[in-house]
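Please walk through this protein model with me, one feature at a time. Keep the structure in view as you read.

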Amino acid sequence: MNELLYIFILPASLALLSYFVQDTRLTRKAVPVGIWWQLGVVAYVLHRVLLGEVSRIDYAAGISVDKLAAYFVLLTTFVVACCITHADYFFASQDRHEPILPRHLRYFYTSANFFLMAMTAVFMCDSLGYLWIAIEATTLSSAPLVYFDGNKHALEATWKYLIICSVGIAFALLGTVFIFAASQRGMANPSLNITDLVANAKALNFPLLQLGFIFCLIGYGTKAGVFPLHSWLPDAHSEAPAPASAMLSGALLNCALFGIWKVTSILLAAQPHSHTYNLIALLGTITVFASSLLLLRQHNFKRLWAYSSIENVGLMLFAIGFGSGPLFFLQALNHSLAKVSLFLLTGNIVQAAGTKKLSKLHGVIEDSPVWAGLLALSAFAVAGAPPFGAFVAEVSMLTLSFNDARVYLAFFMVVALAISFIAISAHVGGVIFGAAKQGFIAWKPNQAAIIPAMLVLCTLLLGLTVKTDTWTMIPH
């Protein structure tokens, strides 16, 4: 239990520091150092399960970490560390154009640390009740990040985010109640403990379990931005400041999908070949296909990446539909790396150009060749082009589709991915090429490219080193 406290004590301390220290310059320097230190703490505390020395670590009733959860905790902390590090540059650049109120920065860094704690808690829950509470906490702690600018558009996006996700989480609560009712019909000691439910899955009342699964899928699917429950996501991601958008896309979406993974693991244990379970792969395919069409007609640079996030949510859902935890994480890892890079670079470009409209963004290669090059590489990475890591994940999923007799899903997936690639290439090409934009001021472009360059390099190394066979030899 003491080790569990080590994981949360540093973010909690940083949250208090951010709120009470009046000198925001100190906060902007100290918090990134603290979060990188937190990454080391997480790696040290979870090293036994990360290295496979133990299959899981139990901290308390309903609180434990297995290998998949440990890797997600590590990824989440890494994403937040990258975003908070870049935020120092982002806010310094923004402050040059329009002074930022110190209290807004204090709220940002305080909320970011609570947000990290809530997301970390999601992956450590072995109870459906705790899982529901943790995912709701991610909504409440991230809402101030969306509202950072305080204008009417930010207010509308924040309310939309809170209301839609709260309605969705209410469905998840109802699904949790149904699953508990299913345990009452089949277990001597009814429980919400996921390990107990999986161990006794075949004894559970399957109709109630099935109903609970569907409600949880709707609820957590809303939080993940699964089509057609995605309407909050483009607004929230486009109105939040770039470092917050990167955290929402690169870390938060994984939390909601992990909730779906946990619930489906119970259903898979009860009936491995349930048609309800196969619904997940179909829903993932529909989400990818719908988002690829929506990508074609985008006019806002940040909303473009929001819809790309929805597409990748569909891909992760598709992986979950095969019962493949490693493939789910591989897709999540590559998406997080590429999408965080894209949101941070987009924030740089929007600040320098003074607009989010794609029609008014052009010639970045003339104004900042470094940003243009990294933007192109990151766009190819998130679109699944070789040799980036997402290509390995997508090929693995398509291979599993053929092996699992889901050829019809593979066909629609290939078409959707092709449309998405064309749409992203066209939009990004318009931003990069063309005449230089008047009034484009790239402030310290090399400093602003450090974190995105590191992230692009990571996903490139994954694509070059990870073998497809490793991820396709997983039984359904």
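Cysteine 82 has a relative accessibility of 0%, so this residue counts as buried. The model is a predicted one. Find cysteine 82 in helix 4. Now look for isoleucine 450. In sequence, cysteine 82 and isoleucine 450 are 368 residues apart. In space, their C-alpha atoms are 9.9 Å apart.

Stay with helix 4, which runs over residues 67-97. Helix 4 packs with helix 14, residues 325-353. Their axes are 10 Å apart, and the angle between them is about 0°. Angles under 35 degrees count as roughly parallel, and helix 4 and helix 14 are therefore roughly parallel to each other. What classes of residue make up the contact of helix 4 with helix 14? There are 17 nonpolar residues and nine polar ones. The contact has no charged residues.

Helix 4 also takes part in a salt bridge. The side chain of aspartate 88 meets that of arginine 28, with 3.1 Å from N to O. Aspartate 88 lies in helix 4, while arginine 28 lies in helix 2, residues 24-45, so the pair ties together parts that are 60 residues apart in sequence. Are arginine 28 and aspartate 88 buried or exposed? Both are buried. Lysine 29 joins in as well: Arg28, Lys29 and Asp88 are linked in a network of salt bridges.

How many salt bridges does a search of the whole structure find? The search finds seven. Another one pairs arginine 25 with aspartate 23. Their closest N and O atoms are 3.5 Å apart. Arginine 25 has a relative accessible area of 61%, so arginine 25 is exposed. Aspartate 23 has 34%, so aspartate 23 is partly exposed. The cut-offs explain these words: exposed means over 50%, buried means under 20%, and partly exposed is in between.

Next, look at glutamate 239 and lysine 356. Their side chains also meet in a salt bridge, with 3.9 Å from N to O. Glutamate 239 lies in helix 10, residues 232-239, and lysine 356 lies in the loop between helix 14 and helix 15, so the pair ties together parts that are 117 residues apart in sequence. At 18% relative accessibility, glutamate 239 counts as buried. Lysine 356, at 26%, counts as partly exposed.

Glutamate 239 leads us to glycine 150. These two residues are 89 apart along the chain, and their C-alpha atoms are separated by 9.9 Å. Where does glycine 150 sit? Its place is in the loop between helix 6 (128-146) and helix 7. Glycine 150 has 37% relative accessibility, so this residue counts as partly exposed.

From this loop, move on into helix 7. Isoleucine 163 lies there. Isoleucine 163 has 48% relative accessibility and so counts as partly exposed. This isoleucine belongs to a nonpolar surface patch of about 690 Å². Its partners in the patch are Tyr147, Leu155, Trp159, Val167, Phe171, Ile214 and Ile218. Which helices each supply at least two residues of the patch? They are helix 7 (152-186) and helix 9 (206-224). The largest share, five residues, comes from helix 7.

Beyond helix 9 comes a point about the backbone. Most peptide bonds are trans. Phenylalanine 227 and proline 228, however, are joined by a cis peptide bond, with omega about 5°. Proline 228 is found in the loop between helix 9 and helix 10. Proline 386 and proline 387 also have a cis bond between them, and omega is near 5°. Proline 387 lies in the loop between helix 16 (369-382) and helix 17 (389-403).

Finish in helix 1, residues 2-20, where serine 18 lies. Is serine 18 buried or exposed? At 0% relative accessibility, serine 18 counts as buried. Compare its position with that of alanine 256. The two residues are 238 apart along the chain, and 27 Å separates their C-alpha atoms.

Terms used. Residues numbered from 1 in each chain as written. Predicted model: local features only at pLDDT ≥ 70, side-chain atom pairs only at ≥ 80, totals over all residues. Heavy atoms only, no water. Patch = residues over 30% accessible without salt bridge, like charges linked within 9 Å, V, L, I, M, F, W, Y side chains within 5 Å. Areas by Shrake-Rupley, 256 points an atom, 1.4 Å probe, with all protein chains shown as cover. Salt bridge = Lys/Arg side-chain N within 4 Å of Asp/Glu carboxyl O. Helix = DSSP H or I, 4+ residues; strand = E, 2+ residues; numbered from the N terminus. Buried < 20%, exposed > 50% of the residue type's maximum accessible area, 1.4 Å probe, protein only. Axes fitted to C-alpha atoms, helices over the stretch in contact; angles between N-to-C directions. Parallel < 35°, antiparallel > 145°, perpendicular 65-115°, else oblique. Nonpolar A, V, L, I, M, F, W, Y, C, P; charged D, E, K, R; others polar.
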